[in-house]
Amino acid sequence: MKKIKDILFLLSLCAVILFFGIAILLMPPREFSAKENRNLAKAPKISVGSLLNGEYFTALGDFYKDQFPLRDSFTAIHSLAELSLGKIECNGVIPTADGKLIALPKYDDVSLIRRNLISIQANKSILYVPPRAIDLAKESLPSAYCFEDDVTHFLPKDTAKLFNQFLDSGNSYYNTDHHWTTHSAYFAYTQICEKLQITPYPKDFFKPETVSENFYGTSFSKSGLPSALVSPDIIELYRYEGDNGFELYLHDTNQSFSGFYHYDALSTTDKYRVFLGGNYAHLSVKAAESKERPKLLLVKDSFANSLIPFLALHYDIEVIDPRYCTRAFFYEQLKRDDFDNRLFVLSFDTLASKLF
């Protein structure tokens, strides 16, 4: 009797494996995961070289992992199972008791941070490094999780001072995303204005506009948790008279558009794209009026997308994202002598993953 049960179990297991194996081959491959907000792996092309060096089998594994039928459902089940077993994280994300989803930072090579900071300081630029979501959520982390990762020792004293001022200010990030809220971006703007020696516009100059009450960000996507268990975030814009008149020129595609906000992004999964429409290698921001204004070189990652509408009140801006441009182009822009100020707004994730 026991042997029959074992045989039936093995046959059932083989049937399940065979079913999903065939289903992956028969189903049309998905190109994009809305839940994870990323492109999915495609079926790899076979070649003698890729077979010999193992690249084909690695790519094949990624393809099967990304194209597995009902993948989002199984990912959610896996995350729930992890929590039910008493684990404090899901796929590198810690759900906290007060509703935050905190992505754990993972840096493969911290030496990149030091090398990038040396390069930035050599160019006599102002550096602003936003705190990480986990830095702001220390008190919300589970007691079983020990977090003593003080990253300010990497930073120049002036930058570390701004970093700690932000931590002490009571500002916060989205609960489901790694970015700061627009309210917190405004606070960063006031800090940066002090470094640039300009006067920030007061908060009552801006008119807050809620554009989404259903925002699930990158930390939510990474966690794999079902949306029924996570409260969404609210996206708020700080509008002001004339902000639709700014002219933005996208050098990547030779396209122009007016205003900072792309409302069509609010109907997609990646609602954070409402700020500028996304990330670009090179973007020019100019006021509609023809008068001469000071020029700012802004080297940034996605944190600055919600910051640019504030800075544009003072400067015409050349925006460079080093994650998407070549090093040659990046240094070509740094050598230009027509900028009144140079500002770097880069997260630790960018400093630790991209050599400038």
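Here are some worked exercises on the predicted model shown above.

**Exercise 1: Get the overall picture**

Work out how many helices and strands the protein has, and what share of its residues is buried.

*Solution.*
- Start with the secondary structure: the predicted model has twelve helices and 13 strands.
- Next, burial. Of the 356 residues, 45% are buried.
- Then take the surface, which comes to about 19,000 Å² of accessible area. Carbon and sulfur atoms own 56% of that.
- Last, look at contact range. Among contacts with a separation of 6 or more, 65% are between residues 24 or more positions apart.

**Exercise 2: Lay out the seven-stranded sheet**

Find the strand order of the open sheet of seven strands, and say which strands sit at its edges.

*Solution.*
- Walk across the sheet and you get β5-β13-β11-β12-β10-β8-β9, with mixed pairing.
- The edges are β5 (126-128) and β9 (255-258), each of which pairs on one side only.
- On average, neighbouring strands are turned by 20 degrees against each other, direction ignored.
- Now add a helix: α8 (residues 182-196) packs on this sheet and touches β5 and β13 (341-345). The direction of α8 makes about 165 degrees with that of β5.

**Exercise 3: Parallel or antiparallel?**

Go through the pairings of β11 and β10, and decide whether β11 and β12 run parallel or antiparallel, then do likewise for β10 and β12.

*Solution.*
- A quick reminder before you start: strands of a sheet pair through backbone hydrogen bonds, either parallel or antiparallel.
- Begin with β11 (residues 295-300). Five bridges join it to β12 (residues 316-320), and the two run parallel.
- For residue-level checks on that pairing, Leu298 has Val319 as its bridge partner, and Lys295 stands opposite Asp316.
- On to β13: β11 is joined to it by five bridges, again in parallel. Here Leu297 of β11 partners Arg342.
- Now switch to β10 (residues 282-286). It pairs with β12 in the antiparallel sense over four bridges, and Val285 stands opposite Ile317 in β12.
- Finally, β8 and β10 run antiparallel and share four bridges, with Glu247 partnered by Lys286 in β10.

**Exercise 4: Check how covered the strands are**

Count how many residues of β11 are buried, and explain why β10 can be called largely enclosed.

*Solution.*
- In β11, five of the six residues are buried, and the strand is mostly covered.
- In β10, four of the five residues are buried, so the rest of the structure largely encloses this strand.

**Exercise 5: Explore the nonpolar cores**

Identify the residues that touch the most other members of the largest nonpolar core, and the element that gives the most to it.

*Solution.*
- The largest core has 58 residues, and the ones touching the most other members are Phe260, Leu283, Val285, Leu298, Leu311 and Ile317.
- By element, α8 gives the most, with seven residues.
- Zoom in on Leu283. Beyond its neighbours within four places in sequence, its contacts include Leu248, Leu250, Phe257, Leu276, Ile317 and Val319.
- Don't miss the second, separate core: it has 24 residues, including Val129, Ile320, Leu334 and Leu351.

**Exercise 6: Classify two aromatic pairs**

Classify the ring pairs Tyr186–Tyr189 and Phe206–Tyr240, and locate each in the fold.

*Solution.*
- The structure holds 29 aromatic pairs, and these are two of them.
- For Tyr186 and Tyr189, the ring centres are 5.7 Å apart and the planes are at 50 degrees, so the pair is tilted.
- Both tyrosines lie in α8, three residues apart, which is about one turn of the helix. Both Tyr186 and Tyr189 are buried.
- For Phe206 and Tyr240, the centres are 5.7 Å apart and the planes are at 75 degrees; anything over 60 counts as edge-to-face, so this pair is edge-to-face.
- Phe206 is in the loop between α8 and β6 (207-215), and Tyr240 in the loop between β7 (233-239) and β8 (247-250), so the pair ties together parts 34 residues apart in sequence. Both Phe206 and Tyr240 are buried.

**Exercise 7: Place Leu136**

Decide whether Leu136 is buried, partly exposed or exposed, and list what it touches.

*Solution.*
- Leu136 sits in helix α6 (residues 133-136).
- The relative accessibility of Leu136 is 24%; buried would need under 20% and exposed over 50%, so Leu136 is partly exposed.
- Not counting residues up to four places away in sequence, Leu136 touches Phe166, Leu167, Asn171 and Tyr173.
- As for Ile102, 34 residues away along the chain, its C-alpha atom is 9.7 Å from that of Leu136.

Conventions:
Residues numbered from 1 in each chain as written. Predicted model: local features only at pLDDT ≥ 70, side-chain atom pairs only at ≥ 80, totals over all residues. Heavy atoms only, no water. Pairing = 2+ DSSP bridges. Axes fitted to C-alpha atoms, helices over the stretch in contact; angles between N-to-C directions. Contact = heavy atoms within 4.5 Å. Buried < 20%, exposed > 50% of the residue type's maximum accessible area, 1.4 Å probe, protein only. Areas by Shrake-Rupley, 256 points an atom, 1.4 Å probe, with all protein chains shown as cover. Core = buried A, V, L, I, M, F, W, Y, C linked by side-chain atoms within 4.5 Å. Phe/Tyr/Trp six-rings, centres within 6.5 Å; stacked < 30°, edge-to-face > 60°.
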